[in-house]
Amino acid sequence: MKPCKRIEIVIEEPLARRMEQLLKELGAPGYTLIPRASGSGDRGLRRADEPTGTSTNCVFIVAADDPDTVHRLVEGIRPLLSRSGGICLISDAQWLRH
Amino acid sequence: MKPCKRIEIVIEEPLARRMEQLLKELGAPGYTLIPRASGSGDRGLRRADEPTGTSTNCVFIVAADDPDTVHRLVEGIRPLLSRSGGICLISDAQWLRH
Amino acid sequence: MKPCKRIEIVIEEPLARRMEQLLKELGAPGYTLIPRASGSGDRGLRRADEPTGTSTNCVFIVAADDPDTVHRLVEGIRPLLSRSGGICLISDAQWLRH
Amino acid sequence: MDSFFLTNLSSPPLLFFFLGAAAVFVRSDLEIPTQIAKFLSLYLLFAIGFKGGVALAESELDATVGLTIAASLLLACVVPVYVFFLLQRRMPVADAAAIAATYGSISAVTFVTCTSYLDAAGIPWGGHLVAAMALMESPAIIIGILLYRLYRNGTADTDGPIDWADLLKESCLNGSVFLIVGSLLIGWFTGPTGMAQISPFVADLFIGVLCLFLLDMGIVAARRLQDLRHAQQTTGLGPTTLIGASLALPLVNAALAGAIALLLGLPEGDALLLTILGASASYIAVPAAMRLALPEANPSTYLPMSLAVTFPFNLLIGIPAYHYVLRLLTAN
Amino acid sequence: MDSFFLTNLSSPPLLFFFLGAAAVFVRSDLEIPTQIAKFLSLYLLFAIGFKGGVALAESELDATVGLTIAASLLLACVVPVYVFFLLQRRMPVADAAAIAATYGSISAVTFVTCTSYLDAAGIPWGGHLVAAMALMESPAIIIGILLYRLYRNGTADTDGPIDWADLLKESCLNGSVFLIVGSLLIGWFTGPTGMAQISPFVADLFIGVLCLFLLDMGIVAARRLQDLRHAQQTTGLGPTTLIGASLALPLVNAALAGAIALLLGLPEGDALLLTILGASASYIAVPAAMRLALPEANPSTYLPMSLAVTFPFNLLIGIPAYHYVLRLLTAN
Amino acid sequence: MDSFFLTNLSSPPLLFFFLGAAAVFVRSDLEIPTQIAKFLSLYLLFAIGFKGGVALAESELDATVGLTIAASLLLACVVPVYVFFLLQRRMPVADAAAIAATYGSISAVTFVTCTSYLDAAGIPWGGHLVAAMALMESPAIIIGILLYRLYRNGTADTDGPIDWADLLKESCLNGSVFLIVGSLLIGWFTGPTGMAQISPFVADLFIGVLCLFLLDMGIVAARRLQDLRHAQQTTGLGPTTLIGASLALPLVNAALAGAIALLLGLPEGDALLLTILGASASYIAVPAAMRLALPEANPSTYLPMSLAVTFPFNLLIGIPAYHYVLRLLTAN
Ligand SMILES: Nc1ncnc2c1ncn2[C@@H]1O[C@H](COP(=O)(O)O)[C@@H](O)[C@H]1O
Ligand SMILES: Nc1ncnc2c1ncn2[C@@H]1O[C@H](COP(=O)(O)O)[C@@H](O)[C@H]1O
Ligand SMILES: Nc1ncnc2c1ncn2[C@@H]1O[C@H](COP(=O)(O)O)[C@@H](O)[C@H]1O
Ligand code: NA
Ligand code: NA
Ligand code: NA
């Protein structure tokens, strides 16, 4: 097991592709994407009920063990979130190597 | 980045609306809701396979940085969980401010 | 509240049943399963777009407070992940008893 | 009697129900996505509601219509009360109340399958039975909750006084009741003109969709049956007792409903439908409402009873058997 | 005039829209799963595109066709510009640009409902209107983004130069535009032979599917209306102003489009469709594109305006009212 | 020969497959929700199974039927063996076994598209081919797994002895096989009476649903093709080799199957269907089974080969080309 950071990002579904692109560019070792979440935050209720997906959120989970990568990820994600809203939580975890 | 608590609640989908209401009343700064989870716990298997949703779970994620709010949330959630079942996990995280 | 470990596993959806079986055998006190995630890792992009589910992931969340159980779970999950790919993150959490 | 069973057993919807159950027993991974199953069930409610409404628009509303509806409401009020008092001494009050509500209410899919059985047999039935069905969904929920409030003794009263607005909302306005009633009203209002526009959708596809939906219900019901066999019941009753109860209740309720139908002299199709409404138990509207109003009742008791035992029993044996008995009794 | 409203109000799709809205107002938990709603909308785009293409294949392409399409493109370019300059002083530039794009574009479901209104009234309409609709979706998106780029003052230019490839992709190639255009081309290419193969699917089921989709849209729109009433707008405009704008804009745009239709002397059905295209506002293609290109615009302004106010207004009052006025004016 | 391709290329389902692929190449965000895609595929299996069963009920079961089924089983056993030995030296044993299983099994959608090609051309075909298709899904899975067990050398045997029950379950009872066989049996049993009840659903809608499903498959296949081009293969074979193999295998298998069909003197429609069964490769049942039984095989090799290359190849070129060659050879 190796210590790592677990980065969790909630963002709107229409922006998911852009986030995937960004994570790739920033060198994330991988990510998991859970679609079709709803939620509430500064910009009000997001109901996840439209055929359009415009009010739907999604959750990214990124595990990264290299501190440089973590730093680059956090700094790289910040501007996108500033423009579009959403949240990002970072916590400590152990990565089970198999 | 600001330290915060990450509260994760698993509860049945029919109770999701009530939980949303409760979180709002308790002053949660926001939440994310992932629907259509299945699971297993003290009250047996929940298969998430009925059209009714009665055996479906959902996952709430709440980030809160104010300790008072956290306390209020935890105490407020407890009675609902006692009546209906479900679990609540609380962990430390950093909240990326953007 | 009781300290516990929060184990998070990302694995392919076709293997979900096997993982459920395994968790039961290893004595997990419960689990929550979030289906239909996509992702990317060592074995490339998983798009979650086929009717077959072969390129779909899912996320397991397991809370366990007994250290022995945690150890057994981690050691028991490892071989399945080695054969099939996927990741497992372990972190500290508090379990709200209700 | 055999011919009734044969008609029933050779109908595609029933056979697909069997197929779904078989998939579980041989451990196939066949599965209908849940949103699809939800959609199929919404379609069935929408279609039966609309068809019932159009039928109402085309028929004369006479005294029998009023009597049938009054009888069905009576049935929906009497059944939960007697079931509750029967069970209340043997299990926690919350569970007794939830089971009472479940059996007092109805299963729209059982009703729908029965209409397709009648259609296949060429027996006419009245559109007002759809209205009766819709009206029978809710009363048992209210009665179940009230009985629980009255009879739980000693429990800390964390609930405060009854919130009647909430109670009415959760019982009368849950999605399925609302959709049937709404579609019925729209069907009634637009009548044959409306039907002409959407009949390829609501009428022609009906049996095919019912096949797929029953395929899914077969899967779901068989899984619940397996759970029931393995589950340690919190109610203190073993699986055998619960399965026994799930077979006895529809029979008694069918007898009750059938007797009323015969007393009122309802025509054959309507009598069978009223009987099946009495015999059937809810596994959609009531469980959803119970989770909200009575979260302490264990859903792994009342849900499998209704879904895994009573529902298939009515589908496979109940419909033709009740039909046979009704024929016998009216032949005299 | 009454008869127009009556025809409209007694059509099942409209009534199901009401039913959905009613479900929200009485707080029923009726819900259409989102993947189903997405599917129903894909079906409608697929069917209307295919039917339009087949109609094109069967009709002669004369000058009016070209003129109609040119007029619709003109409309799609003029509307976002004037709306932007009207709003730009009263709210952040990004929000003004997003609203401009929303109202410059069109709503395919409003169009589809209008075709079913015409069909019910027995008034013919041309397949090229479907092409016009498809072509009107995108220009407003591009114009909105360009206007934002030109008029935002002082904001740090984090965006760099305009990425034209991206811009075109997000405006012209979003899923719904692509599906309508593609189905139209396939319908055109395969013509009546193709139609013969899939007409039970695309033609017979159409109104029924539209009913279910409008049921969902009624739910979604009513929820947004409630949000709008409670929301603190970041644009600095109160809900009343926003609702007022959402009612005024379709009227002005309908007048503009109707005038063009009359000038060109379009036949009744085509004139009404062009008018409704002008009057309608996008709540699918544009909001999705705006989230990507203008994430700083608040979606809880432009989305509810278009979805919760303009859309129902056009459906319930707009279609028959525009029709009535067009009839009046052509009768002279 | 041209006319065969023309018939094929002007059929709506094929064109929608192209449209889906085009959406990916121009980078549109068009998408069919996955639960819907799953449902459409379940519908197709359900409908083709039922139709095949009814056709069986209406036809006489003579020797050719038995021979055809025996031949198809033979094919399903021979193909995976020869493919395995061809590949086994060039890549890891697990991957070779998975590819062998993939190409030994069949693609129900390719089959279904071929039946709609035959229907459009007015060429009859026998219901027992559906049974043959269902029977050909599973043997390759078992053979692939057995070959892997026999030929992996040196690997730590973490698996223990073969669990035959599991193996049979995963190969013969996976959802799609189960649904086709089940629907076939129900169709057979209920015959024309059953068909009369659900024919609007299973027959009239078939081509329309196939269009939407192929639209989705076009999207999915084109994405996989892009992945294949970019992916670093763990098998040590470059994308060109893999694409080459994915084109060569269906040709060889088609030749094999076609030869058998000619030898048996099958009628035109049946011969083409047997050929396409041989040529097609699985991308539903087999990949799902392989993930369970052979998790060490890399799904990003066998899945794109079958889904992104062989499947479109058979659809676009294979069906008319095999048909042309069969005609040529039988004309002699
Ligand atoms: N405190 C929070 N805890 C959990 N999720 C949140 C929180 N705040 C915001 N979110 C999620 O992030 C989305 C966007 O947030 P915002 O930009 O603040 O509106 C919301 O719709 C929620 O899904
Ligand atoms: N130890 C656990 N780890 C993760 N999820 C759990 C655990 N226990 C219960 N759950 C989830 O909470 C739901 C309700 O739990 P319970 O009330 O214990 O039946 C279950 O269906 C699971 O989804
Ligand atoms: N660093 C990571 N962070 C989050 N999820 C990951 C990561 N690496 C892999 N995954 C998830 O695990 C799945 C299987 O990973 P792999 O076996 O590495 O291809 C991926 O498709 C992702 O969903
Ligand atoms: Na009942
Ligand atoms: Na417009
Ligand atoms: Na094959």
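Biologist: How are the donor residues of the sodium ion (ligand 6) spaced in sequence?

Modeller: Their spacing reads Y-x1-S-x171-L-G-x1-S. This is a predicted model, in which local features need pLDDT of at least 70 and side-chain atom pairs count only at pLDDT 80 or more, while totals for chains, interfaces and linings use all residues. Residues are numbered from 1 along each chain as its sequence is written, chains are lettered from A and ligands numbered from 1 in the order in which they are written, and side-chain values use heavy atoms, with hydrogens and water left out.

Biologist: What makes F:Y103 (O), F:S105 (O), F:L277 (O), F:G278 (O) and F:S280 (O) protein donors of the sodium ion (ligand 6)?

Modeller: Donors are N, O and S atoms within 2.8 Å of the metal, or 3.2 Å for Na, K and Ca. The five oxygen donors lie 2.4 to 3.0 Å from the ion, within the 3.2 Å limit for Na, and therefore count as donors. Water is not among the atoms, so the site may look incomplete.

Biologist: Why are F:L277 and F:S280 called buried?

Modeller: Buried means under 20% relative accessible area, exposed over 50%, and partly exposed in between, with a 1.4 Å probe and protein chains only. F:L277 and F:S280 are both classed as buried, which means that each is under 20%.

Biologist: Which residues coordinate the sodium ion (ligand 4)?

Modeller: D:Y103 (O), D:S105 (O), D:L277 (O), D:G278 (O) and D:S280 (O) do, at 2.4 to 2.9 Å. In sequence these donors follow the pattern Y-x1-S-x171-L-G-x1-S.

Biologist: Why can the pair D:S105 and D:S280 be said to tie together parts that are 175 residues apart in sequence?

Modeller: D:S105 sits in the loop between helix 5 (93-104) and helix 6 (108-121) of chain D, and D:S280 in the loop between helix 13 (268-279) and helix 14 (285-293) of that chain, so the pair joins parts 175 residues apart in sequence. Helices (H or I, at least four residues) and strands (E, at least two) are DSSP runs, numbered from the N terminus. D:S105 and D:S280 are both buried.

Biologist: Why is the site of ligand 2 said to be shared between chains?

Modeller: The site is shared because residues from chains B and C surround ligand 2. A residue is near a molecule or strand if one of its heavy atoms lies within 4 Å of it. Of the 20 residues around ligand 2, those that come nearest are B:D42, B:R43, B:G86, C:T32 and C:A63. Strand 2 of chain B supplies the largest share of the shell, four residues.

Biologist: How do you know that B:R43 and B:N57 make polar contacts with ligand 2?

Modeller: A polar contact is a pair of N or O atoms within 3.5 Å; within protein, one must be able to donate a hydrogen and the other to accept it, and residues adjacent in sequence count only if both atoms are side-chain atoms. A backbone N or O atom of B:R43 is 2.8 Å from an oxygen atom of ligand 2, and a polar side-chain atom of B:N57 is 2.9 Å from an oxygen atom of ligand 2. Both distances fall within 3.5 Å, so both pairs qualify. Alone, ligand 2 exposes 480 Å², of which the protein buries 96% (Shrake-Rupley method, 1.4 Å probe; for residues, only the protein chains shown count as cover).

Biologist: What makes up the shell around ligand 2 by class?

Modeller: The shell has eight nonpolar, nine polar and three charged residues. Here Ala, Val, Leu, Ile, Met, Phe, Trp, Tyr, Cys and Pro count as nonpolar, Asp, Glu, Lys and Arg as charged, and the others, Gly among them, as polar.

Biologist: Which chains surround ligand 3, and which surround ligand 1?

Modeller: Ligand 3 is surrounded by residues from chains A and C, so its site is shared between chains. Ligand 1 has residues from chains A and B around it, so that site is shared as well. An oxygen atom of ligand 3 is 2.8 Å from an N or O atom in the side chain of A:T32; the protein buries 97% of the 480 Å² that ligand 3 exposes alone. For ligand 1, an oxygen atom lies 2.9 Å from a backbone N or O atom of A:R43; the protein covers 97% of the 470 Å² of accessible area that ligand 1 has on its own. Strand 2 of chain C gives the most to the shell around ligand 3, four residues, and strand 2 of chain A gives the largest share of the shell around ligand 1, also four residues.

Biologist: How do you know that the radius of gyration of chain A agrees with a compact globule?

Modeller: The radius of gyration is taken over C-alpha atoms, and the globule rule is 2.2 Å times the number of residues to the power 0.38. With 98 residues, a compact globule would be near 13 Å, and chain A has 14 Å, so the value agrees. Chain A has two helices and five strands, running β-α-β-β-β-α-β from the N terminus.
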